[in-house]
Amino acid sequence: MEEVKSNPFFIAADEKIYDADKGITRQFVGYDNSIMMVKVMFEKGAIGQQHAHIHAQTTYVVSGKFEMTIGDETKILQAGDGFYTEPNIMHGCVCLEAGILIDVFSPIREDFYATI
């Protein structure tokens, strides 16, 4: 992949909102080839399908309530909570109360970047 880099500032009102899945949208906060931060907005009942990827991921719950499953473990997460998942581990969530997650991936999610 060629070298990529986002703008140095993220102004939410100025950035495009992309559809991710039913009831889920995202904005790209900042990225380069080694890291990507994504703001993900969920409607109540939206499902982040179980999946795995080659990226390390850490996520912070800004608002809402989520039933998060990583591997065989499930926890309820709410504002102020977060999680980390190693590469290639199955994970996904169900949004119990509308909310926002901040996902950070390393390296960049090339599949996400392709949609920008």
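## Strand pairing around β8

In this predicted model, strand β4 (residues 47–51) runs antiparallel to β8 and is joined to it by 3 bridges. Within this pairing, Ile47 has Val94 of β8 as its bridge partner.

Strand β8, which spans residues 91–106, also pairs with strand β3 (residues 35–42) in the antiparallel sense, over 7 bridges. Here Val40 is placed opposite Leu101 of β8. Strand β5 (residues 56–70) is likewise antiparallel to β8, and 13 bridges join the two. Lys65 and Glu97 are bridge partners, with Glu97 lying in β8.

## Nonpolar core

The largest nonpolar core comprises 21 residues. Phe28, Met36, Val38, Phe42 and Phe66 have the most contacts inside this core. Two or more core residues come from each of β2 (24–32), β3, β5 and β8. As a general background, nonpolar side chains in soluble globular proteins tend to be buried together.

Phe66 illustrates the surroundings of one such residue. Leaving aside residues up to four places away in sequence, Phe66 touches Phe42 and Val61, together with Lys75, Ile76 and Leu77. Its further contacts are Cys93, Val94, Cys95, Leu96, Gly99, Ile100 and Leu101.

## Cysteines

How many disulfides does the structure contain? A search of the whole structure finds 0. Cys93 takes part in no disulfide, and the nearest cysteine sulfur, that of Cys95, is 7.2 Å away. Cys95 is also in no disulfide, its nearest cysteine sulfur being that of Cys93, at 7.2 Å. A disulfide requires the two sulfur atoms to be within 2.5 Å, so this pair does not qualify.

Are these two cysteines buried or exposed? Cys93 counts as buried because its relative accessibility is 8%, under the 20% cut-off. Cys95 counts as buried because its relative accessibility is 2%. Both Cys93 and Cys95 are among the residues that Phe66 touches.

## Largest pocket

The largest pocket has a volume of about 390 Å³. Its lining consists of 22 residues, and those nearest the centre of the pocket are Arg26, Phe42, Gly48, His51 and Asp103. Phe42 is also listed among the core residues with the most contacts inside the largest nonpolar core.

Which elements supply at least two residues each to the lining of the largest pocket? They are β1 (18–21), β2, β3, β4, β5 and β8. Strand β8 provides the largest share of this lining, with 6 residues. Strand β8 thus appears in the pocket lining, in the largest nonpolar core and in the pairings with β3, β4 and β5.

Notes: Residues are numbered from 1 along each chain as its sequence is written. This is a predicted model: local features need pLDDT of at least 70, side-chain atom pairs count only at pLDDT 80 or more; totals for chains, interfaces and linings use all residues. Side-chain values use heavy atoms; hydrogens and water are left out. Buried means under 20% relative accessible area, exposed over 50%, partly exposed in between (1.4 Å probe, protein chains only). Two strands pair if DSSP finds at least two bridges between them. Helices (H or I, at least four residues) and strands (E, at least two) are DSSP runs, numbered from the N terminus. A nonpolar core is a set of buried Ala, Val, Leu, Ile, Met, Phe, Trp, Tyr and Cys residues joined through side-chain atoms within 4.5 Å. Contact means heavy atoms within 4.5 Å. On a 1 Å grid over the protein atoms alone, a cavity is a set of points where a 1.4 Å probe fits but cannot get out, and a pocket is an open set with protein on both sides within 12 Å along at least five of seven lines; lining residues have an atom within 4 Å of a point. Grid points are joined across faces, edges and corners, and a volume is the space filled by probe spheres set on the points.
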